[in-house]
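Subject: Structure for you to look through

Hello,

I am passing on the structure that we talked about, and I would be glad if you could open it and follow along with the notes below.

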Amino acid sequence: MNQPKPWWQQPGYSISIALVMLILLGGAVSAVYLTQSVPEQPIAFPHDRHVGMGASCAYCHPGTAWGPTAGLPGIDKCWGCHQQVQKKSPELDKLADYVARNEPIPWVPVAIQPDFVHFNHQPHVSAGLTCETCHGDLSQMTVAQPQPRQNMGWCLDCHQKMAPEQWTKLSDCATCHY
Amino acid sequence: MSNTISRRDFLKLAGVGAAVSAVLTGCGPMARYIVRRPYTNMPEYNQAGLSTYYASTCRECPAGCGIIVRTKEGRAITIEGNPQHPVNRGRLCSRGVTAQQGLYNPDRVRNPAFQARADASRARSITWDEAVGVVQNALGSQPDQVAFLLGMAPDHLFDLVSELTSITGAPPPIRYNALSTFEGRATLVEAAAQTFNQSALPYFDLANAEVTFAFGANLLENYLSPVAYNRAYGEFRRGRLTRRGYLVVFEPRQSLTGGNADEWIPIRPGSEAILAAALNRLVAEARGIPASPAFSAVTLAAAAAASGVSEEKLRSLADLFASAVHPLAIPGGGALAQADGLVTARLVLNLNALVQNLGQPGGVFLAASTPTASDFAAVKDLVQRMADSKVKVLFVHGANPLFELPQSLGFVEALAKVPLVISFASFPDETALASDYILPDHTPLESFGYQRVLAGSNRPAQSSIQPVVAPLYDTRATADVLIAAARGLGGAFIDGLPYRDEVDFIQQKIVPLIGAGGFYTAPEVLTFWTRWLQYGGWWTPEAGLDAPQSAAAPEAAISFAAPLALEEDKQFYLIAFPNHFGDGSGANRPWLQELPDWMTTVTWNSWVEIHPKTADELGLHDDDVVRISTPYGSVEASVYRYPAIRPDTIAGQGHTALGRWAEGRGCNPAQLLPVSVNAAGDLTFGTVVASITPTGKRRPLARVESKEGIYGKH
Amino acid sequence: MAEKEAPQKWGLVVDLDRCTGCNACIAACSMENNIPFTGEDDVAYGRAMYWLYNKREWVGEYPEIKPAFQPVMCQQCGNAPCEPVCPVFASVHSEEEQINLAVYNRCVGTRYCANNCPYHARQFNYYDYDLPEPMNSYLNPDVSVRRRGMMEKCTFCVQRIVRGRQKASAEGREVQDGEIQPACVQACPSGALVFGDVSNPETHASRMARDQRRYQLLEELGTLPRVTYLKGGGRYGG
Amino acid sequence: MAAESKLMQATKPAEHAEDDPKEHLMLDPRPREEMNRMVMEAMTTTTRRYWIWLISLGLGAAILLFGAWGYMIAEGIGVAGVNRPVFWGVFIVTFVFWIGISHAGTFVSAILRVFKAEFRRPFTRAAELMTTFGLAAGALYPLIHLGRVWVFYWMVPYPNARWLWPNFRSPLVWDFLAITTYLLSSTIYLYLPLVPDLAMARDRTKGWRHAIYKVLALGWRGTEAEWYRLRKAINIFAFAIIPVMFSVHTIVSWDFAVGQVAGWHSTIFGPYFIVGAILSGVAAVVTILFILRNTMKHFDYFIRMEHFDALGKLLLVFSMAWAYFFFNEYLISWYGGDTAVRRVIDMHATGPDSWLWYTMLICNVVIPWLTLWNKTIRRTPWAMFIITLLINVGMYAERYMIIPATLGHQRFPFDWGMYSPRIEIPIALGTLCLFMFLYMAAARLIPLVPVWEVQEGQIAHSMRTVGKAQMPSVTELEE
């Protein structure tokens with residue numbers, strides 16, 4: 001009898017391992033694609049340029065100060081500046097088209113919570129958190145990019161570090177889920 | 001290929017797998033499939049994620065409760081009571097809180113249409129310009145051939161139509177709603193006019209009363225202003241530190257009010273008048289007041305014999321009433337829907353006069369608003385005119401006569417003789433489907449208006465209605481349609497109706513309120529209008545209603561009709577009663593259908609209540625379908641063995657149209673009702689003699705209670 | 001045997017003497033909390049989704065018969081039987097609010113909690129109950145819409161509690177008595193329901209909960225309910 | 001039927017037959033090679049009828065179980081009959097039933113092995129196989145029952161991004177752990193004694209069977225050292241699996257007993273469930289032995305009247321034990337006088353499901369007590385088949401009474417509920433198909449008789465002459 005091959009080189013085993021790996025990999029790729037890739041926006045909005053010019057986040061997303069959602073600017077707000085600041089750019093032409101048609105811009109949200117998570121910006125902003133803490137450094141992005149691994153453990157981790165004395169409240173399920 | 005995977009590669013892949021699974025186990029939502037549209041022009045008061053609140057008025061029944069609607073991103077989310085409103089003080093009933101299911105009902109009429117009386121081959125959608133043209137032509141026809149039938153239409157629309165008809169000289173609009181019949185509203189007004197010499201609805205201060213006798217008045221369900229009376233009931237029971245209120249209810253079938261009473265006196269239907277007379281006499285004797293000669297002929301024995309209540313019981317009840325500090329007697333509902341209902345109402349009001357509680361805390365006041373509802377006699381008259389082909393155009397708004405009116409009245413046949421029927425219904429109800437045109441009005445949560453508080457407020461009040469959401473569909477306010485059409489006719493209409501549109505009309509109508517001593521005022525109408533919308537209406541800061549100055553007891557001796565005789569075990573008194581669907585228009589609210597009936601916990605269906613003893617004698621079991629026949633018609637319904645009803649009485653509640661949740665459900669007791677009226681013109685539905693035939697079918701009722709647990713049956 | 005004590009916070013008082021059994025609480029609760037209606041067949045089969053039901057029992061015999069109404073909702077037990085049995089902490093005690101939570105998104109649907117609830121206050125989503133367009137417009141975005149296979153129950157309108165607390169803290173003040181009201185309490189026409197912080201002896205709810213008519217539902221089970229009932233009836237002049 | 005009556009004749013008159021030492025398998029030895037051949041033939045012989053059964057059972061499992069289950073996952077639990085307040089229905093009933101069935105293997109095999117009951121030898125494998133497949137069928141139910149089965153893994157303790165662990169206070173987690181432990185250990189316990197037989201089969205087959213047995217036999221050669229280790233391992237497992245078995249059904253009973261449902265909250269539920277499980281399990285072993293004996297080649301040699309007789313005695317004892325516990329449970333609840341509990345037991349006897357309650361008593365008590373004392377009946381296979389089937393019907397009814405019938409009548413009569421199973425019926429039948437399918441397939445894949453154990457027994461048994469009498473004697477092979 002020949003020296004038998006090691007077990008992982010025998011066809012049955014290797015095929016099953018390959019299958020398992022393929023499934024895992026497929027799941028991983030689709031998961032990354034579905035949650036971590038940057039969605040295509042109707043207008044490739046250059047956050048970096050706006051932030052770079054010194055626009056504060058709350059100018060366009062003012063809801064953070066008093067409400068749960070930051071809010072998206074309507075075309076009025078965009079046009080408020082851009083009808084003065086006329087610059088040739090295909091993206092700005094798109095904006096002009098929306099304004100001309102008086103249509104809302106169908107933004108695709110990037111930082112969004114599932115329906116069963118009731119996130120409220122206001123307490124976080126009141127607690128002194130900056131936007132970059134969660135949304136990343138927008139001065140380095142054009143369109144907003146999803147931040148990796150923003151999951152429940154990430155929330156809890158921060159809650160524990162930032163306000164250990166309020167852990168009872170901040171780890172309570174009903175703080176976010178109801 | 002796999003053979004080439006080295007151990008090293010394997011570990012690498014495993015590492016990827018681990019990273020991936022970390023993503024998978026805590027992955028976020030799939031953001032890329034959600035598109036978010038900001039407002040093109042976001043109103044400055046509206047912030048995504050935050051609620052906006054609008055004050056308005058509930059129009060699920062005519063009571064006029066103040067509501068506050070919480071909206072988010074232009075959607076009406078929840079309806080809450082207006083805490084400042086004098087009728088409901090922040091409280092609401094089940095119909096009020098489910099009103100969004102009317103607004104967002106998928107079966108709404110979405111655009112004006114030539115309905116062609118359900119002739120699908122000719123039916124088509126029309127534009128509003130065409131629609132206004134149709135209305136204009138209709139209004140231009142000979143005035144005495146135009147009729148308006150309004151039901152739950154808001155007060156401003158009623159006022160507008162009244163003005164319109166007064167200009168043309170057409171008969172005034174008829175405002176009829178099944179609820180007003182079930183309350184005995186016309187009888188109450190007439191009794192108040194005869195007793196207090198003032199034509200107004202009485203307001204009963206239940207909250208401050210100590211002993212309350214209710215004669216058929218279903219205070220807690222559908223009586224004039226149910227939320228106000230519910231609120232008062234709470235105070236009546238536990239609002240004072242001293243004494244708990246004591247409630248006695250006289251009615252043959254235990255209603256929710258009877259169920260909450262300390263004593264429920266199951267009297268024979270039709271014996272209310274003699275019973276009230278006997279109590280009058282006993283109370284007068286106990287208080288040492290000379291009794292009116294009208295009661296001299298009444299003997300206790302006769303009252304006891306007629307009503308089935310023992311003489312001792314009557315005596316002790318009279319003593320209880322006479323010796324109480326704040327006694328109160330309330331007539332209403334089935335007690336007034338008798339041939340001698342007006343007498344009953346007068347006698348019960350007179351009981352209050354005997355114990356001198358008029359204008360006292362816990363006594364009787366007169367509501368501030370002028371009653372505008374028509375009685376059943378007026379409807380009968382209209383149907384007669386229609387049947388005689390004297391009506392060429394019929395406008396219907398807020399009413400569903402095909403459903404609400406007794407079948408024996410012949411409305412169907414009469415309607416066929418009207419060449420042009422225009423319905424302003426928001427929902428495809430029976431009448432709308434049988435009309436020529438449906439010109440849908442906005443639903444109440446989309447419209448402007450005002451509503452005079454019916455009888456539930458201890459102060460003069462007018463409630464404002466404003467849209468809380470933009471109209472969902474291509475509907476138009478009926479007031480706008482009428483104003484546009486009428487002004488289009490020119491002539492007298494231009495001067496008679498000097499209004500641009502509905503809002504202009506309302507603003508002109510509220511001008512008198514500016515200086516009327518409300519809790520706010522304003523220098524000019526537009527500021528006043530803003531506040532009026534913001535507060536949900538107008539009312540005075542202090543409670544205060546007119547009290548009746550004097551009371552006139554009946555003078556002449558009254559002769560009492562004996563209650564209808566029954567053939568033992570064959571015939572029964574039939575009592576029709578409304579439940580939380582009100583006049584039936586609530587039936588297309590699925591949550592109202594899902595709500596259990598108060599007493600029987602039955603949902604989604606109609607039933608007939610039979611005392612278990614009677615049911616045993618007839619060999620009827622729960623859920624057996626029986627046919628109930630009266631001289632006027634018959635319906636089929638499932639049996640509910642109801643332990644709180646007189647054994648010689650049965651009671652019963654359906655729709656053939658009105659959308660997916662109402663269609664084909666239950667039966668319509670209006671098919672069983674007579675068309676006779678009492679002296680005040682109210683329908684005498686109180687005693688109808690019915691017979692029961694088992695059909696051999698079974699249709700289980702969807703009840704929330706466990707039949708096994710409650711009644712011990714499997 | 002010392003009665004087990006547990007910290008308290010929110011409490012509900014139901015005055016059965018005021019309660020008329022009008023069911024406005026059920027309707028208000030359903031509209032606030034996106035509770036689906038199930039239809040005739042499912043109601044008949046015991047699948048109505050009321051978070052709060054009105055237990056109507058008959059007292060006495062004709063003609064001295066009357067219904068005894070009792071609104072029963074989740075009693076938010078301090079020692080809740082539903083909590084230890086859930087394998088995944090979907091039924092869990094809120095240490096902050098001292099109520100029992102039903103964490104919908106964590107629920108795997110064993111329905112053990114529902115069996116173990118002596119009040120039968122928990123409901124199960126037997127299907128996905130989709131509302132036809134445009135009726136879904138009235139769904140309250142503050143409350144998750146539950147999918148099939150999850151348990152749900154009365155939460156004391158925790159969304160209103162959280163909203164009220166956040167509002168108060170944003171304004172730098174404590175929550176006032178009566179500021180936070182669940183939908184049922186807000187609607188109740190006769191004022192039979194009173195809600196408040198029962199850890200504070202001065203609130204309206206605390207004062208009512210000490211009434212001599214007080215009792216708790218199945219208190220012999222030691223569940224330490226946070227809902228207090230005040231007996232109805234009583235005598236004239238009493 | 002003809003075969004049975006022939007058997008009946010062969011066994012008559014019973015008392016004389018028993019005297020015949022040849023009647024005992026252990027004293028009726030056959031040459032090793034012949035016995036091996038017999039077992040191999042039994043395993044490889046497939047008839048047309050076998051294939052028809054196997055395919056239809058497989059289809060039955062696929063459609064009734066997995067098809068219906070898939071439909072239920074897509075639609076929601078609403079297609080099943082559960083409602084409020086009967087939140088647990090036939091799924092949990094069937095779960096408990098299968099877990100009960102699965103007790104037989106361990107009981108028959110491990111306990112009888114530990115106590116050296118020699119009659120166990122030919123059917124330990126058949127019983128162990130029941131354990132494994134019964135568990136496999138039963139373990140599906142907690143999953144089927146879940147409202148959201150797609151997140152069942154949240155019950156598994158594993159580190160995750162949510163910082164959440166299962167609730168170790170929940171009996172369901174105990175259940176989950178106990179059942180997985182039991183499934184694992186019973187599979188190993190099935191496998192260990194199988195190894196020498198697989199090696200035997202490996203040496204006598206060719207083709208695909210050979211390939212499978214080669215892998216499964218783990219290179220068994222039958223050396224003294226291997227035998228020594230195997231015996232040791234089996235011994236350890238036999239002792240170790242007994243507490244696992246007791247704990248599993250105790251924990252299953254705790255699902256109910258730790259709850260505060262009136263009628264569940266009872267200290268006796270643990271032993272009551274175990275006894276019930278053993279009763280139904282042993283009954284199921286008899287049922288299966290009857291079927292095997294009638295369908296498989298040469299099995300009339302291995303399975304004899306003496307086995308039915310011995311198992312019948314066991315059944316009688318357990319039926320009595322069950323009755324004792326039932327009486328205890330009933331009496332204490334009734335005497336305790338708690339209104340809610342009283343109402344539950346009243347409803348058991350008088351409620352809409354009371355016919356099941358009487359069925360339970362008749363099948364579990366009346367029938368075994370009236371029949372099993374009689375040796376002729378015990379030695380009549382078809383009679384035993386019917387009796388044991390009825391015992392399992394009775395035990396199923398018992399679980400039905402405990403679960404839906406109790407849940408339906410709790411503390412508020414206003415809330416009582418009626419329950420009628422809907423999709424539960426096809427799914428329950430589907431798992432029966434699955435069980436039978438697996439069993440039938442396994443019967444042609446592994447030797448269903450532990451040949452080496454039988455042979456070992458036959459070597460140990462011999463007839464000795466003591467004085468004038470011929471006496472069977474057993475040599476201790478293991479210390």
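**Where chain C meets chains A and B**

About 1400 Å² is buried between chain A and chain C, and carbon and sulfur atoms give 62% of that area. Within chain A, the residues that lose the most area to chain C are Lys169(A), Asp172(A) and Tyr178(A), which together make up 39% of what that side buries. Please keep in mind, as you read on, that this is a predicted model.

The contact between these two chains takes 14 residues from chain A and 19 residues from chain C. The count of salt bridges between chain A and chain C is zero, although seven residue pairs are in polar contact across that interface. On the side of chain A that touches chain C, the elements that give two or more residues are helix H6 (121–126), helix H9 (167–170) and helix H10 (173–176) of chain A, and the largest share, three residues, comes from H10(A). Sorted by class, that side of chain A has five nonpolar, six polar and three charged residues.

Turning to the other interface, the area buried between chain B and chain C is about 5500 Å², with 56% of it given by carbon and sulfur atoms. Arg238(B), Arg244(B) and Trp591(B) supply 13% of the area that chain B buries against chain C, which is more than any other three residues supply. Here the contact takes 81 residues from chain B and 62 residues from chain C.

How many salt bridges are found across the interface of chain B and chain C? There are eight, and one salt bridge that you can look up joins the side chains of Glu235(B) and Arg18(C), at 3.3 Å from N to O. The polar contacts between chain B and chain C come to 31 residue pairs. Helix H8 (residues 226–238) of chain B gives the most to the side of chain B that touches chain C, with eight residues, and the residues of that side divide into 40 nonpolar, 19 polar and 22 charged.

One residue deserves a separate look, namely Arg703(B), which lies in strand S27 (residues 702–703) of chain B. Arg703(B) counts as buried because its relative accessibility is 6%, which is under the 20% cut-off. Its side chain makes a polar contact with the side chain of Asp622(B), at 3.0 Å. Leaving aside neighbours within four places in sequence, the residues in contact with Arg703(B) include Tyr640(B), Tyr711(B) and, from chain C, Val43(C).

Best wishes

Key: Residues numbered from 1 in each chain as written. Chains lettered and ligands numbered in written order. Predicted model: local features only at pLDDT ≥ 70, side-chain atom pairs only at ≥ 80, totals over all residues. Heavy atoms only, no water. Contact = heavy atoms within 4.5 Å. Buried area = accessible area lost by both parts, 1.4 Å probe. Salt bridge = Lys/Arg side-chain N within 4 Å of Asp/Glu carboxyl O. Polar contact = N/O pair within 3.5 Å; in protein donor to acceptor, adjacent residues only side chain to side chain. Helix = DSSP H or I, 4+ residues; strand = E, 2+ residues; numbered from the N terminus. Nonpolar A, V, L, I, M, F, W, Y, C, P; charged D, E, K, R; others polar. Buried < 20%, exposed > 50% of the residue type's maximum accessible area, 1.4 Å probe, protein only.
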